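Student: I would like to learn how to read a structure like this one. Could you take me through a few features?

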Number of protein chains: 2
Amino acid sequence: MNEKQAFESVKKQLKQARYDHTVRVVETATKLCERYGQSVEKVRLASILHDYAKYRPSGEMKNVIKTTEWLSDDWCNYGEAILHAPAGAALIREELGITDEEILHAVVFHTTGRAGMSEIEKIVYLADYIEPGRKFPGIDDVRDASEQSLDYGCLIALSNTVTFLISKGHPVYPDTIHAYNELLKTRGLK
Amino acid sequence: MNEKQAFESVKKQLKQARYDHTVRVVETATKLCERYGQSVEKVRLASILHDYAKYRPSGEMKNVIKTTEWLSDDWCNYGEAILHAPAGAALIREELGITDEEILHAVVFHTTGRAGMSEIEKIVYLADYIEPGRKFPGIDDVRDASEQSLDYGCLIALSNTVTFLISKGHPVYPDTIHAYNELLKTRGLK
């Protein structure tokens with residue numbers, strides 16, 4: 001699947017505002033690739049497709065997750081906001097024939113992060129967080145941190161996310177804390 | 001071991017200020033037992049002994065944890081502040097002959113919490129957090145929540161703890177997030 005086909009596929013799945021967000025994530029991810037010497041092809045494809053499942057009903061997303069062998073059922077226990085990420089990965093595999101594991105992982109973990117993220121996963125995670133349309137408290141700290149390193153950008157994004165979720169009384173997917181703890185240890189190394 | 005012996009044992013291990021804290025934790029835990037209909041014996045013994053290892057050198061605490069079969073080595077990967085809890089449990093077993101699992105668990109998890117805490121564990125965890133000598137942002141919210149239910153008190157304490165740790169750039173022991181997520185689900189049920 002080339003980029004043009006991918007854009008056409010997600011355009012059918014998304015409302016206009018969400019599609020515009022997707023375009024900005026792709027642009028931001030491309031800039032991060034240039035800055036950090038990462039080849040763009042997989043990053044751009046994952047970025048185009050990252051919100052593919054955003055408007056599926058939560059019942060369908062849960063069903064997709066539970067019937068997809070390579071996804072943990074535990075995704076269904078932490079609120080609805082994170083379902084579209086793993087469900088989206090399963091659906092782009094099933095409906096669009098995307099089988100590249102690096103792309104699939106980048107989609108699965110684009111909302112939560114995880115310990116052991118690849119560079120591709122980090123770029124998609126961060127681009128989704130800092131694209132210029134995002135406006136929320138602390139976002140400029142994450143943008144500044146992203147200028148220093150991918151790891152530091154992800155660390156500050158993860159910190160903000162956990163603090164926000166707790167302030168709202170929302171659950172925290174454990175992989176988010178595992179990612180935070182891991183990046184805290186490697187801070188300053190990249 | 002009776003209470004008098006336990007107090008004498010910890011007095012030798014602790015500086016005066018920490019011993020005074022321990023006495024306040026025992027008093028607070030006793031009140032929580034009365035409020036929530038929990039028998040006091042094990043709660044008071046766990047409270048007396050909860051900081052037993054507080055002043056052991058971190059190298060000794062890590063060694064104790066790594067050589068204690070029923071403690072995960074993973075305790076050693078999240079900073080020094082939490083070591084005294086699992087190490088203390090191992091040491092009161094080894095040095096004082098405490099073998100009651102409910103008491104040992106209450107000491108192990110008094111700093112981090114965990115999913116599946118017993119009532120005894122919740123009371124010791126909460127008493128350590130809210131005893132009247134504690135002064136930090138948000139403490140009155142935890143005290144108020146503790147009047148509503150043990151679960152709600154623990155939930156607000158866990159929330160505060162995670163937010164504080166992240167604001168300081170400290171690691172978060174995963175059991176703390178597991179406890180938070182679990183109590184969020186049961187909120188309002190007790």
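Student: Is Pro132(A) buried or exposed?

Tutor: Good place to begin, and keep in mind that this is a predicted model. A residue counts as exposed when its relative accessible area is over 50%. Pro132(A) has 53%, so Pro132(A) is exposed.

Student: Where in chain A does Pro132(A) lie?

Tutor: Look for the loop between helix 7 (119–130) and helix 8 (139–148) of chain A; Pro132(A) is there. If you set aside the neighbours within four places in sequence, Pro132(A) is in contact with Arg24(A), Thr28(A) and Arg143(A).

Student: How far apart are Pro132(A) and Glu182(A) in space?

Tutor: From C-alpha to C-alpha the distance is 27 Å, and in sequence the two are 50 residues apart.

Student: Now the cysteines. How many disulfides are found over all chains?

Tutor: First the general idea: a disulfide is a covalent bond between the sulfur atoms of two cysteines. In this structure, a search of the whole finds 0 disulfides.

Student: Why is Cys33(A) without such a bond to Cys154(A)?

Tutor: Distance is the reason. The two sulfurs would have to be within 2.5 Å. The closest cysteine sulfur to that of Cys33(A) belongs to Cys154(A) and is 13 Å away, so a bond is ruled out. In chain B, Cys33(B) is in no disulfide either, with the sulfur of Cys154(B), the nearest one, 13 Å away.

Student: Are Cys33(A) and Cys33(B) buried or exposed?

Tutor: The cut-off for buried is under 20% relative accessible area. Cys33(A) has 2% and is buried; Cys33(B), at 1%, is buried as well.

Student: How can chain B be laid on chain A?

Tutor: Try a turn of 180° with a shift of 0.0 Å along the axis: the chains then match with an RMSD of 0.0 Å. The two copies are therefore related as by a two-fold rotation axis. In chain B, the residue that comes closest to this axis is Thr163(B), with its C-alpha at 2.8 Å.

Student: What does the contact between the chains take from each?

Tutor: It takes 18 residues from chain B and 18 residues from chain A. Together the chains bury about 1,400 Å², with 66% of that on carbon and sulfur atoms. As for polar features, 0 salt bridges are found across the interface, while 6 residue pairs are in polar contact.

Student: Which elements of chain B give two or more residues to that side?

Tutor: Helix 9 (150–167) and helix 10 (174–186) of chain B do. Helix 10 gives the largest share, 7 residues.

Technical notes: Residues are numbered from 1 along each chain as its sequence is written. Chains are lettered from A and ligands numbered from 1 in the order in which they are written. This is a predicted model: local features need pLDDT of at least 70, side-chain atom pairs count only at pLDDT 80 or more; totals for chains, interfaces and linings use all residues. Side-chain values use heavy atoms; hydrogens and water are left out. Buried means under 20% relative accessible area, exposed over 50%, partly exposed in between (1.4 Å probe, protein chains only). Copies are superposed by least squares on the C-alpha atoms of residues with pLDDT of at least 70 in both. Contact means heavy atoms within 4.5 Å. Buried area is the accessible area (1.4 Å probe) that two parts lose on being put together, summed over both. A salt bridge is a side-chain nitrogen of Lys or Arg within 4 Å of a carboxyl oxygen of Asp or Glu. A polar contact is a pair of N or O atoms within 3.5 Å; within protein, one must be able to donate a hydrogen and the other to accept it, and residues adjacent in sequence count only if both atoms are side-chain atoms. Helices (H or I, at least four residues) and strands (E, at least two) are DSSP runs, numbered from the N terminus.
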